[in-house]
Each structure stands twice: as structure tokens, then as C-alpha cells.
Amino acid sequence: MKKVYSRPKSLKRNHFHYCPGCGHSIIHRVMTELIDEMDLQDKAIGIPPPGCSVFAYHYFDVDMAESAHGRGAAVATGIKRAYPEAIVFTYQGDGDLAAIGTAETIHAANRGEKITAIFINNAVYGMTGGQMAPTTLSDQKTTTTPYGRDVKLEGYPIRMSEILALLKGAVYIERTAVNSPTNIRRTKKAIRKAFQSQIDNLGFSLVEILSPCPTNWRMNPLESWQWIDKEMTREFPLGVIKDITGEKNAD
Amino acid sequence: MTGNSAVGEAAIRAGCQGYFGYPITPQNELTEYMAAHLSRRRGCSFVQAESEIAAINMVYGASLAGVRAMTSSSSPGISLKQEGISYLAACELPAVIVNMSRGGPGLGSISAAQSDYFQATRGGGHGDYRCIVLAPSSVQELADLTHRAFDLADRYQIPVIILGDGMLGQMMEPVEFKHEAPEEPPVRSNALRGAKGRPSRIIKTFTSKPTELEELNWSLFRRYQLIKKEETTCETFLVEDAELIVVAFGIAARIAKGAIKNARTAGLRVGMLRPVTLWPFPAEAVREFAKRTKYFLVFEMNMGQMVEDVRLALEGKGEVFFYGRPGGVIPTPSEVLRVISRHYYQEGLR
Amino acid sequence: MLIKTIFAGFGGQGVLSMGLNLAQAAMLEGKNVTYLPSYGAEVRGGTANCTVAISDEEIASPVASSPEFVVAMNQPSLVRFQNQIQSGGLFFINSSLVEAELSRGDIEVISVPANSIAEELGSPRSANMVMLGALTKKSNVVSLPSVIEGLKDTLKNKPKLIAINKKALMAGYNAV
């Protein structure tokens, strides 16, 4: 009998602790498939953040080290500079990458660090219970914007990928989502491209993934998938934001 | 050579392969030295980070990858680094952190001060941990202790702080380096370098089981006990017949030494105990002296921090006086001599 | 014997290199020596100073609250340091730029027209070395050959300048 589907080798045999309908498990799956396909298990080093995915090391069967909130890009810089043969990725949420870790992220990208950031944008702080994130949409209700995000007081949803695309050190940036089979396939393709740009030593790469958080959005999984299409992608349009990987020669 | 440059050269000779820093006075010459000398070495990296927070986290990353790594700063910048130091301590990772301290609190002054004693010796960041703290009092000792710091960090898998001050960093003195830089600095065997030929490795502390974290704390503190036993270091000066013992560290000890020499000339039986390791504090040595004399004068360039460790060590047995100048004021040897004489005569030690 | 010297002047007058050269010379003679520059925002605004301590014994503090010798290359330095100098100390004044009006009589003033001498030598930037030459002779802390030997180290990145600096040192030495 031909086996057409199985657990990725680099995905540990642990049950996901994530909520029903959460995007993390899908993204973990996609990433570990890629780690297998690209033969990265013995050189990948992952940096998960504080947050729901703090336990990512229960699932990724690669070397991993926890980072302080927001410091993923700096930790990854230290690892990559000390051991350039590694394929280093950070796994960061919107609060982590676009609020407390803005400086680390922007400067790692600007230095063109050969690292890959997997940026999970779910428009809320998940683990702490659904507070406003830098990417929370205008008028969106969260536990700290109970009357909806007032852009006059709380600012606008921040488009981190577009900001990072302005930096010369960033070579590949794409925004995808995991709310449909098509989008999941696109996500996988984007992460493959990002990893490849790191393998080719081109510069900083980032994939922003719009990911559902049904628990904190107070929706069921289907509604949350639809909400990404209907609301989130209006503020955060999907697609390749920057790709200069073709322009540079791999060295 | 300036103290700052001496630390840089000694670090390179100790096999340091990663330096990550952010400019702040009075330690910029160290960052500049590493930019000029470390960055050109094969397999070594220098990054001027976007902040002290980023710098210490780069140190954390480089240490994860198994190389000897360091950062340096001065008081306000060291405050920012505390987050990373706590993570290093928790994850049992070696690192060397240099604090060329200056007057505080706040932005303070850029003049030499010793007001970071508590911060350095009590862990400094959140959680229950200690760093080994070394306090040099000359440029030569800065170089020697830098080498020792890297060795201690590796031996005990612990962050080590070199607590200097602005004056030590800025001043020049002759210095001799006792080691040559290694051709191939060793990589720590428990490094994160990809799961090649071994199971994947996780470096973390976060756990939802308090008992697990309790066990980590216990294991850290068992190691701290070992460090106390093996590594506590102090210097003594003219203590044999001393009736008054001055306790001082770093640059203050150096000033006190000058005062004590003059006191001796005047016939006062005064000696000095200088802790070289501030943590672990040489409590045993202090207690030993209490068997011979009752009187201790603690002299610090702060409002009185180490004096608490002296009192704790004495367990009420001696009489402890304190003299301090905070804010970056550098007392003169003659000023300290006046304080010594005053206590000496007041206690009827003549 | 512990001897402390403060060199002070505008940034760019070579105040720090005077101190460095003296420190280097003392080190060559096998003495204990410390060199402490002023640093930070203070030196950005214009005035710089450094302190050199030389002794046969260990040096306690590199700071000089009452130095034996002070070199004032500009007017503000004269004002700032004239009251710090030790009784019986020597006050070296760059008379090309400084008007010496001292309110105390317990110190000896040594006036050296350092800029004029340097200009005569065709090297106006060497006024600092003229002054150091004068200090070397009057203070007797280190020997002139040691100071000249020290130039090799302090100017190791600019060996071309050694000759003119040596000339300026000698001129200052012979001027007092």
C-alpha cells in the first residue's frame, strides 16, 4: 500500500495544546513538513516566544531555545553570528514582533541578518487573554479596548511587513493566511521561499501569517476563518510584499 | 593601555568570539577596541546593537551556540540588560558582562561610582539567582579577572559580572597579558548547533509545573554553594596586627590602601580586607578577623551597600563603621585617612 | 615619592598626548604610573585635561586633588587649576595664550611661550611638546631621553611626526 500522508519526521508525537481552530497547529505542521522536505532538521534552530506558542518545542523536533518577550531577532542574531551554518528561525506573535520587539526586529532586518521570522498575526494578545495588539483592527473589541479600538487614542493597526519591506537588508517578505486549504498551501510556499533565501545567505526574510484565534475573537472556527477574509485582509492584504531574492547572487 | 582596552584584549586572549554592545560613557573604548580587533578575527563577530537589551540577547544567542560571548556597558545600560541576565542565569548559560559603573540613580553622572553593588550581587533582574561578581582595582587586575571571568562562566555555566567603574575603564596603567589568544577557541559541548547525530535539544525555563522550576532553583543554588566554597577570593593588606580593618573593593580599595599606608606611617595599626569576588562575598574571612579585632570600617563610593554584607558576615560580633561618597565623587586618600584616624582615636585604639 | 601632574587646555591642543607621553616615559623608566583623562560631555565642549601620577610605589588614587605640577595651555585652565596646585608646586603656563595673574605667591610660575616657539620651528601644532619639554627639565620627574623614547610608542601610527615632535621637545627643554 502506498503511504500518501503521515506525520512529519520533525513533528514530535505530542498532542497540540492549542485551542480548537487555532492557527498555530496548522503553521507548526506546515513548517515541520518543510523542515523535512528541505532536510533542515539537523541544522535548524528555532526561537519560540513567550505566548501561546512558548511550548512550540513540544512539537518541533529541532534544537530550540526560549527567548525573552520580543527579543527573538536579537537572540537569532547572536546564534547565527556565532554559528552561521545553522538555519535560524524565530516564531513570533504580533505583540512580540511588532510591539515590545519592534526595535530588535527592525534592526535585525536592517542589518540583513540571515534569519527567518515567522510572524503570527492574530490581531490580539492570545495567551494573556485577548488584549489589544499593535495589529488589532480599528473598532475591534478586545479586553483592553472594550468599546472597540479608537484609532485616535490607541493608534492604527501597524503594518509591520510593509515597514520592514522598506529596509534594504530584508530580501523576502510575504503575507499569507491559514484560513483555507489554498492559503495554507501558499503559506507553505512562502515559508519555503523564506528558508531558501536564508540557505542562499541573501538576507532577512519574514512571512507574516494571518492566523485565527477563535477563543479570543469570541467566534467559532468557521467564523474566524471568514473574519480573516472579510476583515483582516482589508487591513492586511495578502501577497508578496518584497522579493529581491532574484536580484542577488547567492554566495 | 586604558582599562577598557585591557578588558577587550584580555577577552580576545580568553577566546571570546562574540561581542555585542551599545555605546555609553565611560566604557566606549571597550566597544571600540572590539570593533577594531575582534571583528577581524576568523570566526568572531562584533555587533553594535540597537540597544543594551538587544546586545545582551545577542550574547544569549551566541552563548546558546556555544561560543564565549560578552557585552559591556555602564550603570544605566546594565539596568536594561537585567532581563537578559536573568534568562542567561535561568538557562545556565555562560556569559561575561562588564559594568564600568557610574554615578546614579537615573542618568546620574559619568564619574566613577560603586552604587551598583546591590544590583550586581543580588542577581539584578527578576527571579532567584546570582551572578559571580568580580571587582578589579587596577588595569592589570581588570585584564587578569577578565580571563578568569570567562573560565568561571564556562566552569559553572553562569553569567559573570566584572564590576569596574568609570575611572578604571578610563585610566591607563601598564598591563601584561599572560595568555595568547587560542587559534581555535573551543565550542561548548552542550551548544545548540542543530540536532546532528543526537536528539534535538531544548533550552528553556518556562514550565507550567512549579515543582519543576523549584528543582531548577535548587540545582542553581547547589551550584552557588559550590562556587562559594571554591571561588571566594579576597586580598588582605597589613592585617596581621591590625586593630581596625578597612573593608573596601575596587577603586575605593585602592584609595584606602594609600590612606592605610599613611596611617601606618603615623603609627596606627590599620589593615585592609579587599573582596575580589563580591559575590560570593568573603564572609568567612571577615568573620575570621572578628576573632582578632572588633573594629571594621567599610568604605564605599555609595551610600552603604557592601556594608550590609559585612554586618551579615559579622553576625553582630564586631563594631562596623561606614564611610561613603555617592554620586560619582572620588574621595582622596587623605580624606579616607582622616576618617580612619577619627574612628581609631574615638575608639581609644591608641 | 608620588608626583601628580595635570595637563589642561582646549581640545586639539594636544593636552592628552602630553600626558600620555609623560606616562609612557615614566613607564619606560620602570616607575609606577597612572594616566586618567577627562571624558564624556566635558571634553566635547572644548576643555580637556588629564592627570598623570608617577611613583616608585603603588599608586593609590589616579586623581589629583592637589597636584605638584599643572600645565595650563589656555586661560580657562589657569582659572580652574590655580587654586588646586600644591603649595611649592610648579605652574607651567603657555604664555602665548595665557595671561598669568595669580593671586597666590606660594607657587612658582614657569612661563613658556609655547605657541611662539612652535611657530618658529615651523610646526605650530607642536606647542604641546614644547611645553612638555619645559616640564621635563623643570620637574625632573623623568629624563629627556625617556620622553623622546616614549614618542616612538605614542606616535607609532604616525612615525613621520616623531622628528618634529622631538625637535619641539628639545626647544621647550632649552627654553627654561
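Hi everyone. A residue is called buried here if 20 or more other C-beta atoms lie within 10 Å of its own. Keep that in mind, and keep in mind too that this is a predicted model.

Let me begin with chain B and its helix H2, residues 28-37. Which residues of H2(B) are buried? They are Asn28(B), Glu29(B), Leu30(B), Thr31(B), Tyr33(B) and Met34(B). As a reminder, an α-helix has 3.6 residues a turn, so residues three or four places apart point the same way. And what do the buried residues of H2(B) pack against? Their partners are helix H1 (3-13) and four strands of chain B: S1 (16-21), S2 (45-48), S3 (68-73) and S4 (95-101).

Staying in chain B, let's move along to a sheet. This one is open and has five strands, in the order S8-S10-S9-S12-S13, with mixed pairing. At the edges sit S8 (234-237) and S13 (319-324) of chain B, each pairing on one side only. From one strand to the next, the twist averages 20°. If you look at the S8(B) edge, you'll find S8(B) running antiparallel to S10(B), residues 270-275, with four bridges joining the two. Within S10(B), Leu273(B) is the residue opposite Thr236(B).

Two helices go with this sheet. Helix H11 of chain B, residues 306-314, packs on the sheet and touches S9 (244-247), S12 (295-300) and S13 of chain B. The direction of H11(B) makes about 155° with that of S12(B). Then there is helix H12 of chain B, residues 333-346, lying across S9, S10, S12 and S13 of chain B. H12(B) runs at about 160° to S12(B).

Now over to chain A, which has nine helices and nine strands. Its C-alpha trace spans about 50 × 50 × 30 Å along the principal axes. For 251 residues, a compact globule would have a radius of gyration near 18 Å, and the 17 Å of chain A agrees with that. Buried residues make up 58% of the chain. Of the contacts in chain A with a separation of 6 or more, 68% are between residues 24 or more positions apart.

My last stop is strand S1 of chain A, residues 44-47, which is covered on both faces. Ala44(A) and Gly46(A) are buried on one side, and Ile45(A) and Ile47(A) are buried on the other. S1(A) runs parallel to S3(A), residues 87-93, through four bridges, and Ala44(A) stands opposite Ile87(A) there. S1(A) also pairs in the parallel sense with S2(A), residues 63-65, over two bridges; in that pairing Ile45(A) faces Asp63(A).

Thanks for listening!

How values were computed:
Residues are numbered from 1 along each chain as its sequence is written. Chains are lettered from A and ligands numbered from 1 in the order in which they are written. This is a predicted model: local features need pLDDT of at least 70, side-chain atom pairs count only at pLDDT 80 or more; totals for chains, interfaces and linings use all residues. Two strands pair if DSSP finds at least two bridges between them. Axes are lines fitted to C-alpha atoms, for helices over the stretch in contact, and angles run from 0 to 180 degrees between N-to-C directions. Two residues are in contact if their C-beta atoms, placed from the backbone, lie within 7 Å. The radius of gyration is taken over C-alpha atoms; the globule rule is 2.2 Å times the number of residues to the power 0.38. A residue is buried if 20 or more other C-beta atoms lie within 10 Å of its own, exposed if 12 or fewer, and partly exposed in between; C-beta atoms are placed from the backbone.
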